[in-house]
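Hi everyone, thanks for making time this morning. I'd like to walk you through one structure, a piece at a time, so please have it open in front of you.

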Amino acid sequence: MTLPYPPARTVEVVEDVAGVRVPDPYRWLEPETPEVRRWQRRQAELAASVVYDGQDPEAVRDLIRAYDSGSRPALPRYAAGRWFRAVTPPGGTAPVVVVADRPYGEGRTVADLAVLGTGRGPAVLSWLAPSPDGRVLALGVCTDGSEHNTIRLVEVDTGRPLGDAPEQVLHSAWTGGVSWRPDSGGFSFFALTGPPEEFEQAVFTHRLGPPGETVVEPVPVPAGSREYTLVQFSPDGRWAVAAHRVGSPIPVAVRDLSEPGAAWRPFVTRCAGTVAGHVVGDRYVAVTDVGAPRGRVVAIPLDAADPDDPSGWTELVPEGDTVLRSLTPVGEHLYLSEFDRTFARVRIIDRAGAVTGEVPLPGRGALAAPFFALTALATGLPADDFVFAFSTLTSSWGVYRHRPGESGPQTLTAPAVTLDAEVVEGRALAADGVEVPYHVVRPAGVDPARPAPTLISAYGAANVPLLPQYQPDLAAFVAAGGVLVQAYLRGGGEFGGDWYRAAHRERRHVRDSDLVAVAEHLIAQGVTAPDRLALTGGSDGGLMCGIAVTTRPELWRAVLPRAPLLDLIGGTRDPYLDFVIRKAWADPDDPEEVRRLLRMSPYELVRPGVFPAVYLQAGAADPRCRPWHARKFAARLQAAQRGTEPVLLHVFDDAGHGAATPHDVAVEQDAEWLAFLIGTLGLRGAVSRPGPT
């Protein structure tokens, strides 16, 4: 296929990184100039025309909408006997927040985002946090898809917006928005101190007005750290703990609020592992992988003389066969979330660590959880109920409530969608002899003895677990006749600290070899064939896709990077990505480390050759993996393509990294992505609808 790609000129630019000279011929595609925007728009028009050639776009959108039902669980937040939750009214374009006396009661509208938005674009709710006394509702509102959000304050009884909200911009919702003080007199939050592109942040304290006062909170964090920080308060208001680091949090500082004028003092500061928990009485009770790769539960006295010394920690729950992930305070109990071969398990423990029960879950699947461990610590004051969302690879999200002492959970909202498909577990043998698990989701009617059109979805990075959960775009792919393989590669958090560290920094290449092992195993087993195999991943998973298409192009029929990171060298010029790269990949000030980055950077790996079909999707407002990554990679790959398959690029306006993308834009993204797979793999297309639940 010869396509009329928009011309992409090259420039004589050479970047010097720690003395290593790196040519960058498509540097002109980085800034947001009129020329770049015209080129980007023409690429998007070309992509849409190719993707939908021979297909009905509205039929594909309908398929996405059908499997989108119940796909994004909005758990209600509890405060002072009432429940707050976001809903989108029928026919509405912006959500409203309602308050009710039951988790999913009909309720009364407290805040309308169509009113609270700035008018710049569709308003998206990033987070919500009612004050402990239930009188004031704090909201995070994003209007450009970027995840950058501002705080709005609303008086609950009247719905009246309060004029004393802080003016600072939050970079994301990764610290949960705001942390209310138990007396409801104010809150702490983590926000930018300057323009978003500078990526400088600090903890702020805001006191309710009038007039509202906002000041920087002097939390002692490691010098030069760009990591995120979340302030946690004890229910009695005595203690404040600062949890630091988004992927592997530690309680870096503590403050005794009962002592007037008491300053923050360092707490756990010399820990490379994770210590993620909550203030329980006068102790910090946490899940840690220190001395236990699969996790254990420990208690650290908040007045400990040497909290950095693990020998002074009290072990409440020892390491076992499952992987411990997080704790949720519920009344006088703690609900302990675990992974049993990736599947969710929830045990209940008391403050001494004794197991008092287990929550019977609706199946083998996953609890809804924040992407990063730090965000999971933003729970507010303990509720009397454990309200959770649960799904499987074949059934959409339901919401349930469990109370300590009850035999089973109560269903608050039932799953709306069930796929007519089976789930099979498998394992591939990596080059170093390690077994790499995966799940196969095979739709009814597909003969397992014949190679089928198959999509591998994977991530394997940042200690983030890929969960066996419902995802609407992947469900729609299965409904269209495709076989889904979800692979659990090293670098992720599914199997504990050792699994994560096995593909961290200088061992990042292990993730990519694990992926190849899974692909080759599926082909050898007859599940699929190279002309029927596709790959997708987002963000760091998009980088995985870029490496796969440039180093093993013969393995794939199609590769679909989404919101991708593709230029590691260029990323060092971006303050946010420089922070990420230094943490997870290498030190760009060391020439040997830079050379290693070059061997992992897809943009630098492109050479003339025969490549499979490629569809790159990015968001124009993405602050994490900016759209120039996809633009530069697409231009270079289009020029290098010696085969007949298309290399397509669509950068969507009003879209970001995903979390704050408006729903109608997300539907368009998913529909085009699915249409590309339907056409490339020869699926039966947009003919299926959800089965009965």
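**A hairpin to start**

Strand S20 and strand S21 (residues 283-288) run antiparallel, and six bridges join them. Val275, for example, has Thr288 in S21 as its bridge partner. Before I go further, please keep in mind that this is a predicted model.

How many residues lie between S20 and S21 in the hairpin? There are two, and Gly281 in the turn has a positive phi of about 65°. Now, is S20 itself enclosed or not? Six of the six residues of S20 (residues 275-280) are buried, so the strand is largely enclosed by the rest of the structure.

Let's move on to the sheet. Here eight strands form an open sheet with mixed pairing, and the order is S32-S33-S35-S34-S36-S37-S38-S39. At the edges are strand S32 (421-429) and strand S39 (647-652), each pairing on one side only. From one strand to the next, the twist averages 20°. As a general reminder, strands of a sheet pair through backbone hydrogen bonds, either parallel or antiparallel.

For one pairing in detail, take strand S33 (residues 435-443) and strand S35 (residues 483-487), which are antiparallel over four bridges. In that pairing, Tyr438 stands opposite Ala487 in S35.

Which helix packs on the sheet, touching strand S38 (613-619) and S39? That is helix H12 (residues 628-640), and its direction makes about 165° with that of S39.

Next, the aromatics. The count comes to 19 aromatic pairs. In one of them, Phe190 and Tyr228, the ring centres are 5.8 Å apart and the planes are at 50°, so the pair counts as tilted. This pair links distant parts of the chain, 38 residues apart: Phe190 is in strand S13 (residues 186-192), while Tyr228 is in the loop between strand S15 (213-216) and strand S16 (229-233). Both Phe190 and Tyr228 are buried.

Phe386 and Phe388 also form a pair, and this one is stacked, with 5.1 Å centre to centre and 25° between the planes. Phe386 is buried at a relative accessible area of 7%, and Phe388 is buried at 3%.

There is also an aromatic cluster, whose members include Trp174, Phe190, Tyr228 and Phe579.

Two arginines belong in this part of the talk as well. Arg562 lies over the face of Trp673, 4.4 Å from the ring centre. Arg636 has its charged end over the ring of Tyr603, 4.4 Å from the centre of that ring.

Now for helix H2 (residues 57-68). Its twelve residues should span 16 Å at 1.5 Å a residue, and the end C-alpha atoms are 16 Å apart, which agrees. Buried residues in H2 include Ala59, Leu63, Ile64 and Tyr67. What do the buried residues of H2 pack against? Their partners are helix H4 (472-479) and helix H13 (663-681).

I'll finish on a single residue, Ala86, which is found in strand S4 (residues 82-87). Is Ala86 buried or partly exposed? With 23% relative accessibility, Ala86 counts as partly exposed. Leaving aside neighbours within four places in sequence, Ala86 is in contact with Ala74, Val96, Val97, Leu125 and Leu128. Arg226 is 140 residues from Ala86 along the chain, and their C-alpha atoms are separated by 31 Å.

That's my tour, and I'm happy to take questions.

Notes: Residues are numbered from 1 along each chain as its sequence is written. This is a predicted model: local features need pLDDT of at least 70, side-chain atom pairs count only at pLDDT 80 or more; totals for chains, interfaces and linings use all residues. Side-chain values use heavy atoms; hydrogens and water are left out. Two strands pair if DSSP finds at least two bridges between them. Axes are lines fitted to C-alpha atoms, for helices over the stretch in contact, and angles run from 0 to 180 degrees between N-to-C directions. Contact means heavy atoms within 4.5 Å. Rings of Phe, Tyr and Trp (its six-membered ring) pair if their centres lie within 6.5 Å; planes under 30 degrees apart count as stacked, over 60 as edge-to-face and the rest as tilted. Buried means under 20% relative accessible area, exposed over 50%, partly exposed in between (1.4 Å probe, protein chains only). A charge sits over a ring if NZ of Lys or CZ of Arg is within 6 Å of the ring centre and within 35 degrees of the ring normal. The expected span of a helix is 1.5 Å times one less than its number of residues.
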